[in-house]
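Thanks, everyone, for making the time; I would like to walk through one structure today, beginning with a single turn and working outward from there. Please have the display open while I talk.

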Amino acid sequence: MSREKVFVGQSIQQLSSSPDWGSYSKVILITDEGEGYVAGDDNGLTLEAECPYASQAIADAVLANLQGKSYKPYDGSSAYITPAAEIGDGMTSDGFYSGIYSLSRKFSKVSAADIAAPSDTEVQHEIQYEPQSERKFTRKMKEISSALVQKVDSISAWVQGDQKFEWSLMEDCMEWKANNRTVMKISSAGLEVTGSIKTGSIFTGDLYVGGAGETNKISASTLRTGAQWPTSSYGGTGYTNGGYSLTGGGFGFNFNNMQYADVYYAQPINASSFRYQGTQYIPRNIVVSGVTYTVLAVPTG
Amino acid sequence: MQNTSELFKTIWNSGNYESEIKAVINGVEYFENQLMDVSIKRELFGGNNVTIGSTCVASCSLTLTSDTMTGRDISAQIPRGARIEIWERISGEVMDTSRNAVAGTAKPGIAIVGIAAEYKATHSEWLLQGVFFVDCRDYTSWESRLVLEGVDAMIFADADYPGEDTWPENGKRDIDVARQIAGYINVSLDSGTKLGNNYRIPIPLSYTMREVLGFIGAMYGGNWVITKEGKLSLITLAGLPEETNFLVTNYGSPIKFGGDRILVS
């Protein structure tokens, strides 16, 4: 198909045209991420389109190609044009020239068509400003939106901008979601929280750390406690069924089978004595600062 | 503009013509005595304002009457999604150059020989006015009238881009992508569509073919349509022919002087 000019002349029932909108002066290509590549200025007509493949060079090229071209809106009814005319052809009528960008035909014995280069309004404002209503609409569409939804079985509210936060009150629970992921849920079973908790103090009966896939660690600059009693075995030969005691009064081991236990001190020990409390098993060796001391005998009684 | 024969131009330029249409639905021809209210609507932009990156679907509407298929359910004879072609030709009188020498008698005994034009009725070739596919229908049995609404092949591009394992790592050339989409929707790429910048298109994982076309169109400052001959075509805003001031007849034919066109200043 080649693009050509169609002569309409005065063979048109009605032709209403708007003043020339002027040359295309600005091209905005918007990517999926909302990034806009802008070429040109606001001195004329702006063209805007979504294009995830856009770049500044492409926006510049589009504008360069349109340099000096203008858009002339019109609306023509019952124009006698050749049946060979296509969308995109030029149209001349009584000194007016524009493109055929809309073409509607109701076939009859004569080849008449309604043709147009459409426009939202016949008024092209010469002063560039955004009315308050449009500004509100733009803000709603481009920046943030929100809703409060009340249904028979739930009430929910959300606010969405770059991210989305929402809460929902249902018959059996209440949920808070961040970016569609549940971060807190309250139900008759209690409170479930995904993510971290920051608080001043927690007073609780029992505290269970970890779960499936967790590391089971408590991290603290200072850990103050009355006593710590590990209840499970620590992996490794000879440490089964054992434990240790870290109390305000001292530090002690409580291995059920001491004959297989070795104790290593990473730092030198400065102690007045080593005391063994027991009656059956005696440590054979004590290693202090790399020197092995053999225990010959332990006083009893 | 579609290509037309010299005969078509001659009839059109005479200004004295009649238009005639026919529809070919699923391969069966229906003529004017069988057709009512045939209309076609085409647009370039997605709305009422100038845009780039649009991919508009053209539509048609036509009514078939009982004259076409008496005694049978006319709706049942047309399959779902059937192809509709609408054709038009013009008819008129053109000079019969084979019989332009006539003889006559002015007065008894005085014979004159002159040249007089003789005209003969003729018609042009059929011009395809659009290829559509039945989208919905409304059958009134008591009138035996069937109204068909059709849309063009652009509607088929409203589908996910088919997966492909061999997409080049640095993207595929835009013209190849456009040609591939044309193939997927069973049309060909219009020969007038030139994508000269060779932009590379990454594999379109989450876009429809129609969206991809729109993105390519935007990169060239244009919009896609399906032409009357059923081809995928990019119409760029910059591609509007330049306005000229050559002298033409009332019907748009160039007026020439010694073979040259006359420019009005």
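In the hairpin that β14(B) and β15(B) make, with 4 residues between the strands, the residue I would point to is G230(B), whose phi is positive, near 80°. Please keep in mind throughout that this is a predicted model.

The two strands of that hairpin, β14(B), residues 222-226, and β15(B), run antiparallel and are joined by 5 bridges, and if you follow the pairing you will find T236(B) in β15(B) as the bridge partner of G222(B). β15(B) also pairs with strand β12 of chain B, residues 188-189, and here the two run parallel, with 2 bridges between them; in this pairing L189(B) stands opposite L232(B). As for how covered β15(B) is, 5 of its 6 residues are buried, so to speak of it as mostly covered is fair.

Now to helix α2 of chain B, residues 174-184, where the buried residues are D174(B), I175(B), V177(B), A178(B), Q180(B), I181(B) and A182(B). Which elements cover them? The cover includes β11, residues 172-173, β12, β13, residues 200-201, α3, β14 and β15, each of them in chain B, and β15(B) is the strand that we have just seen paired with β14(B). Just after α2(B) comes N186(B), with a positive phi of about 60°.

That brings me to backbone angles more generally. Most residues other than glycine have a negative phi. D37(B), however, is a residue other than glycine with a positive phi, near 45°, and its place is in strand β3 of chain B. Is D37(B) buried, or is it partly exposed? Because its relative accessibility is 42%, D37(B) counts as partly exposed.

Strand β3(B) leads us directly to the other chain, since it pairs in the antiparallel sense with strand β9 of chain A, residues 102-106, over 5 bridges. Within that pairing, R105(A) stands opposite I40(B). R105(A) also takes part in a salt bridge with E88(B), in which the closest N and O atoms are 2.6 Å apart, and across the interface as a whole 3 salt bridges are found. There are, in addition, 23 residue pairs in polar contact across the interface of chain B and chain A, counted where both residues are at pLDDT 80 or more.

Which elements of chain B make up the side that touches chain A? At least two residues each come from α1 (6-14), β1 (17-25), β3 (35-43), β5 (83-95), β9 (127-140), α3 (209-219) and β15 (231-236) of chain B. Of these, β3(B) gives the most, with 7 residues. Sorted by class, this side of chain B has 32 nonpolar, 20 polar and 12 charged residues. The contact takes 64 residues from chain B and 56 residues from chain A, and the area buried between the two chains is about 5,100 Å², with carbon and sulfur atoms giving 59% of that area.

Turning to chain A itself, we have 2 helices and 20 strands, and of its 301 residues 27% count as buried. Among its contacts between residues at least 6 apart in sequence, 37% join residues at least 24 apart.

Chain A also has a hairpin with a positive phi: β14(A) and β15(A) have 2 residues between them, and N179(A) takes a phi near 50° there. N179(A) is not a glycine, and its relative accessible area of 41% is the reason to call it partly exposed. The two strands run antiparallel, joined by 6 bridges, with K185(A) in β15(A) as the bridge partner of E175(A). Continuing along the chain, a second hairpin joins β15(A) to β16(A) through 2 residues, and those strands, too, pair in the antiparallel sense, over 4 bridges, with V193(A) as the bridge partner of M184(A).

I will finish with S168(A), which lies in strand β13 of chain A, residues 164-170. S168(A) is buried because its relative accessible area is 14%. Leaving out residues up to four places away in sequence, S168(A) touches I155(A), S156(A), C173(A), M174(A) and E175(A), and E175(A) is the residue that we met a moment ago as the bridge partner of K185(A).

Methods:
Residues are numbered from 1 along each chain as its sequence is written. Chains are lettered from A and ligands numbered from 1 in the order in which they are written. This is a predicted model: local features need pLDDT of at least 70, side-chain atom pairs count only at pLDDT 80 or more; totals for chains, interfaces and linings use all residues. Side-chain values use heavy atoms; hydrogens and water are left out. Contact means heavy atoms within 4.5 Å. Buried area is the accessible area (1.4 Å probe) that two parts lose on being put together, summed over both. A salt bridge is a side-chain nitrogen of Lys or Arg within 4 Å of a carboxyl oxygen of Asp or Glu. A polar contact is a pair of N or O atoms within 3.5 Å; within protein, one must be able to donate a hydrogen and the other to accept it, and residues adjacent in sequence count only if both atoms are side-chain atoms. Ala, Val, Leu, Ile, Met, Phe, Trp, Tyr, Cys and Pro count as nonpolar, Asp, Glu, Lys and Arg as charged, and the others, Gly among them, as polar. Two strands pair if DSSP finds at least two bridges between them. Buried means under 20% relative accessible area, exposed over 50%, partly exposed in between (1.4 Å probe, protein chains only).
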